[in-house]
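Student: Hi, I've got a chain open on my screen and I'd like to talk it through. Can we start with the vocabulary for its core?

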Amino acid sequence: MSKKDVTENVVEEENKTAAAEASEQAEEQQATEEVQAGEEKELTAEEKIAALEKEIESLKNDNAQLKDDVLRRAADFENYRKRSIQEKQDAYDYANTNLLKDLLESLDNFDRTVEAAANATDAKTIADGVTMINKSLISMLENKYNLVSYGTAGDAFDPDIHEAIGKADEDVPEPVLKAVYLKGYKLKNRVIRHAKVMVSMPKEGN
């Protein structure tokens, strides 16, 4: 073998060795990159898990807040309902307060009349006092509360507002009130008590 051939063989071996080393380095580099890529993928998954956990925690907080709002509103509604019931009950219990206050003056006058009657020697004085109280009471009820009485002998009989408790056949062209046993009362235009009356009825054939 010539010296030239030996040299070529040495160079060839060196080239093979260099190529093997280069290939080995490339494989090591690829393995390193794969490991790094895997680590990066693992880190991204952890971040996703952390984000999901954060979102779950946020949803839990939102749910707790909504539950708290619902409970608060339910409590507010229950309090409102109780107040409404109490207000309606108070309105019912004390609806007549103003009327009763106005009646107190008449009651006081009756008390004074009763006290005066104990020592009175003139019945007319007592009667005049009672008449005065009666007129004052009627005036107050009519003017302030629109409560009016009705029913007078001679009025036309109206079954919608009169309650006939007796009748008599007489020479009348149409039914009229012969006598009023108990006055009727209207509050504004509504009858709150029918008048109890005796009715004169036309004789048959009239």
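Tutor: Sure. A nonpolar core is a set of buried Ala, Val, Leu, Ile, Met, Phe, Trp, Tyr and Cys residues joined through side-chain atoms within 4.5 Å. Keep in mind that this is a predicted model.

Student: Which residues make up the largest nonpolar core here?

Tutor: Six residues in all: Tyr150, Ile161, Leu177, Ala195, Val197 and Val199. Strand E6 gives the most to this core, with three residues.

Student: Is there a general idea behind that?

Tutor: Yes. In soluble globular proteins, nonpolar side chains tend to be buried together.

Student: What share of the residues in the chain is buried?

Tutor: Buried residues are 12% of the 206 in the chain. The accessible surface is about 16,700 Å². Carbon and sulfur atoms hold 53% of that surface.

Student: Let's back up. How many helices and strands are there?

Tutor: The chain has three helices and six strands. Starting at the N terminus, the order is α-α-α-β-β-β-β-β-β.

Student: How do the strands get together?

Tutor: Strands of a sheet pair through backbone hydrogen bonds, either parallel or antiparallel. One open sheet here has three strands in the order E2-E6-E3, with mixed pairing.

Student: Which strands are at the edges of that one?

Tutor: Strand E2 (162-170) and strand E3 (176-182). Each of them pairs on one side only. On average, neighbouring strands of this sheet are turned by 25° against each other, direction ignored.

Student: Mixed how, exactly?

Tutor: Take the two pairs in turn. E2 and E6 run parallel and are joined by eight bridges. E3 pairs with E6 (residues 195-202) in the antiparallel sense, over five bridges.

Student: Give me some residues to click on.

Tutor: On the E2 and E6 side, Glu163 stands opposite Lys196 in E6. On the E3 and E6 side, Val180 has Val197 as its bridge partner. Ala179 has Met198 in E6 as its bridge partner.

Student: Val197 was in the core too. What is Val197 in contact with, leaving aside its neighbours within four places in sequence?

Tutor: The list includes Phe157, His162, Glu163, Ala164, Ile165 and Gly166. Leu177, Ala179, Val180 and Tyr181 are on it as well.

Student: And contacts over the whole chain?

Tutor: Take the contacts with a separation of 6 or more. Residues 24 or more positions apart account for 62% of them.

Student: What about the other strands?

Tutor: Another open sheet has three strands in the order E1-E4-E5, and its pairing is antiparallel. Strand E1 (147-150) and strand E5 (190-193) stand at the edges with a single partner strand each, so one side of each has no neighbour in the sheet. Neighbouring strands of this sheet are turned by 35° against each other on average, direction ignored.

Student: How many bridges are there between E4 and E5?

Tutor: Three bridges, with strand E4 (residues 184-187) and E5 antiparallel. Tyr185 has Arg193 in E5 as its bridge partner.

Student: Now a helix. Where does Asn109 lie?

Tutor: Asn109 lies in helix H2 (residues 97-119).

Student: Why does Asn109 count as buried?

Tutor: Because its relative accessibility is 18%, and buried means under 20%.

Student: What does the side chain of Asn109 make a polar contact with?

Tutor: The side chain of Arg112, at 2.7 Å.

Terms used. Residues numbered from 1 in each chain as written. Predicted model: local features only at pLDDT ≥ 70, side-chain atom pairs only at ≥ 80, totals over all residues. Heavy atoms only, no water. Pairing = 2+ DSSP bridges. Helix = DSSP H or I, 4+ residues; strand = E, 2+ residues; numbered from the N terminus. Axes fitted to C-alpha atoms, helices over the stretch in contact; angles between N-to-C directions. Buried < 20%, exposed > 50% of the residue type's maximum accessible area, 1.4 Å probe, protein only. Contact = heavy atoms within 4.5 Å. Areas by Shrake-Rupley, 256 points an atom, 1.4 Å probe, with all protein chains shown as cover. Polar contact = N/O pair within 3.5 Å; in protein donor to acceptor, adjacent residues only side chain to side chain.
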